[in-house]
Amino acid sequence: MYSGLEVRVPFCDHRIVEYAYNMPWAFKALDGREKGVVRKAFEAMLPEEIVWRKKSPYPKTFHPVYTRLCADYVRRIFADSESIASALFDHAAVEALMERPESLAEPWYGQLMRTPQIFAYIVQLDRWFKQYKVRLA
C-alpha cells in the first residue's frame with residue numbers, strides 16, 4: 001500500500017470465507033473433488049483443464065531436521081504438566097510417529113507434509129493456549 005500497489009485476493013474476502021466455512025461438506029467437495037463448488041461455479045467460464053486440474057499445494061519442507069526439531073519441541077510440550085496441548089493428545093500414538101515418521105501413509109488434513117505437520121500443529125496449539133491463557137473446564 002505504501003508504494004501504491006494493492007493486491008486483491010478475492011477468495012480471502014471475509015464474507016466469502018464465512019460463507020464457505022458454513023457451507024455443508026457435500027457442497028465443498030462437490031463431485032468428490034476439493035473445492036468442488038468453486039470448480040462447478042467456474043466450469044462454464046474457464047477451460048476444462050484449468051477448472052478440473054489437480055490441486056497444486058505450496059511447496060513444503062521435507063527436510064528430516066525440520067521433522068526432528070518439531071518432534072523435539074513436542075516432547076518438551078508433553079513433558080510440561082501444565083500444557084493443555086499435552087493433555088489433548090495420545091502420547092503413545094504421537095511417540096510412535098516420532099519413532100517412524102514415514103509410517104503415516106496419507107497426508108494429514110489434505111496437506112503434503114504428513115507427520116511434521118502434525119507435530120507443528122501440536123506446537124501451534126500449545127503456543128496459542130499459552131498466549132491466550134486458555135484453561136480447560
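A crossing of two helices is called left-handed if the near helix is turned anticlockwise from the far one by less than a right angle. That term comes back below, in the points on helix packing. Here are my notes on this predicted model, set out point by point.

1. **Overall make-up.** The chain holds eight helices and zero strands, so the run of elements from the N terminus is α-α-α-α-α-α-α-α. Of its 137 residues, 23% count as buried. If you look at contacts with a separation of 6 or more, residues 24 or more positions apart account for 45% of them.

2. **α5 against α8.** How do these two helices cross? Their axes come within 9 Å, at an angle of roughly 40°. α5 and α8 are therefore oblique to each other, and their crossing is left-handed. On the α5 side the contact uses Tyr66, Thr67, Cys70, Ala71, Tyr73, Val74, Ile77 and Phe78, while α8 brings Pro116, Phe119, Ala120, Ile122, Val123, Asp126 and Arg127. Sorted by class, this contact has twelve nonpolar, one polar and two charged residues.

3. **A buried aspartate in α8.** Do have a look at aspartate 126, which is found in helix α8. Is this residue buried or exposed? Its relative accessibility is 3%, and buried means under 20%, so aspartate 126 counts as buried. Leaving aside residues up to four places away in sequence, aspartate 126 touches Ile77, Ser83 and Ala85. Ile77 is also one of the α5 residues in the contact with α8, and Asp126 is among the α8 residues there.

4. **α5 against α7.** The other pairing to inspect is α5 with helix α7, residues 91–99, where the axes come within 11 Å and cross at roughly 160°. That angle makes α5 roughly antiparallel to α7. Here, too, α5 passes α7 in a left-handed crossing. The residues in contact are Ala71, Val74, Arg75 and Phe78 from α5, with His91, Val94, Glu95, Met98 and Glu99 from α7. By class, that gives five nonpolar, one polar and three charged residues. Ala71, Val74 and Phe78 of α5 appear in this contact and in the contact with α8.

5. **A salt bridge along α5.** In total the count comes to nine salt bridges, and a few of them are picked out in this point and the next two. Aspartate 72 and arginine 75 meet through their side chains in one of these, at 3.2 Å from N to O. Why is this pair set about one helical turn apart? Both belong to helix α5 (residues 64–79) and they are three residues apart, so about one turn separates them. Aspartate 72 is partly exposed, at 28% relative accessibility, and arginine 75 is partly exposed as well, with a relative accessible area of 32%. Arg75 also takes part in the contact of α5 with α7.

6. **A small network around Arg39.** Which residues are joined in a network of salt bridges? They are Arg33, Glu34 and Arg39. Within it, arginine 39 pairs with glutamate 34, and their closest N and O atoms are 2.6 Å apart. The two partners differ in burial: arginine 39 counts as buried at 9% relative accessibility, whereas glutamate 34 counts as partly exposed at 32%.

7. **Arg100 with Glu102.** A further salt bridge joins arginine 100 to glutamate 102, with the closest N and O atoms 3.4 Å apart. Arginine 100 is partly exposed at 47% relative accessibility. Glutamate 102, at 56%, counts as exposed, because the cut-off for that class is over 50%.

8. **Two positive phi values.** A word on the backbone: most residues other than glycine have a negative phi. Aspartate 31 has a positive phi, near 60°. Where does aspartate 31 sit? Its place is in the loop between α2 (25–28) and α3 (36–42), and at a relative accessible area of 54% aspartate 31 is exposed. Lysine 133 also has a positive phi, near 50°. Lysine 133 lies in the segment after α8 (115–131) and counts as exposed, at 63% relative accessibility.

Methods. Residues numbered from 1 in each chain as written. Predicted model: local features only at pLDDT ≥ 70, side-chain atom pairs only at ≥ 80, totals over all residues. Heavy atoms only, no water. Salt bridge = Lys/Arg side-chain N within 4 Å of Asp/Glu carboxyl O. Buried < 20%, exposed > 50% of the residue type's maximum accessible area, 1.4 Å probe, protein only. Helix = DSSP H or I, 4+ residues; strand = E, 2+ residues; numbered from the N terminus. Axes fitted to C-alpha atoms, helices over the stretch in contact; angles between N-to-C directions. Parallel < 35°, antiparallel > 145°, perpendicular 65-115°, else oblique. Contact = heavy atoms within 4.5 Å. Nonpolar A, V, L, I, M, F, W, Y, C, P; charged D, E, K, R; others polar.
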